[in-house]
Amino acid sequence: MAVTIDQIVEKFDREIAGDLRVRSLMEQVNSGKATYADASELSSLTGRKLGRILADAIGDHEVPDDRIRLVLDRSCLANYNVVSDAVEKVQKSLNERAGI
């Protein structure tokens, strides 16, 4: 595999930062206007992006299990952090609107 784990994570970060729909959803999240449906869409978009990036990076190469585990751990953690932060903000906003 010619692409490093850091390059995969950096590409993921660049791609989600450059995606207009992801940016729009994150603006809704940060403004407190997002819903669970918005968080779900964000999760779906970022997951598909990560899947495509991983498929491009790995391609037809034979990758040892320990190496692929490292790649998946780091790259999935990057996606998890984006989505879990957004969901946490959505929940907090919904709680505040509900007076909880």
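User: Exposed means over 50% relative accessible area, and buried means under 20%. In this predicted model, which residues on the other side of helix 2 from its buried ones are exposed?
Analyst: The buried residues of helix 2 are V22, L25 and V29. They cover an arc of only 65° around the axis, which puts them on the same side of helix 2. An α-helix has 3.6 residues a turn, so residues three or four places apart point the same way. On the other side of helix 2, the exposed residues are L20 and E27.

User: What covers the buried residues of helix 2?
Analyst: The residues to be covered are V22, L25 and V29. Their cover includes helix 1, helix 3 and helix 4.

User: How far apart are the end C-alpha atoms of helix 2?
Analyst: Helix 2 has 12 residues, and at 1.5 Å a residue these should span 16 Å. The distance between its end C-alpha atoms agrees with this expectation, since it is 16 Å.

User: Which residue caps the N-terminal end of helix 2, and which one follows the helix with a positive phi?
Analyst: At the N-terminal end, a side-chain oxygen lies 2.9 Å from the backbone nitrogen of R21, and the capping residue that supplies this oxygen is D19. After helix 2 comes a residue with a positive phi, near 85°, and this is G32.

User: Which helix supplies the largest share of the largest nonpolar core?
Analyst: This core has 21 residues, and I8 and F12 have the most contacts inside it. Helix 1, helix 2, helix 3 and helix 4 each supply at least two of its residues. The largest share, 7 residues, comes from helix 3.

Terms used. Residues are numbered from 1 along each chain as its sequence is written. This is a predicted model: local features need pLDDT of at least 70, side-chain atom pairs count only at pLDDT 80 or more; totals for chains, interfaces and linings use all residues. Side-chain values use heavy atoms; hydrogens and water are left out. A nonpolar core is a set of buried Ala, Val, Leu, Ile, Met, Phe, Trp, Tyr and Cys residues joined through side-chain atoms within 4.5 Å. Buried means under 20% relative accessible area, exposed over 50%, partly exposed in between (1.4 Å probe, protein chains only). Helices (H or I, at least four residues) and strands (E, at least two) are DSSP runs, numbered from the N terminus. The expected span of a helix is 1.5 Å times one less than its number of residues. The arc is that of the directions from the helix axis to the C-beta atoms. Contact means heavy atoms within 4.5 Å. A polar contact is a pair of N or O atoms within 3.5 Å; within protein, one must be able to donate a hydrogen and the other to accept it, and residues adjacent in sequence count only if both atoms are side-chain atoms.
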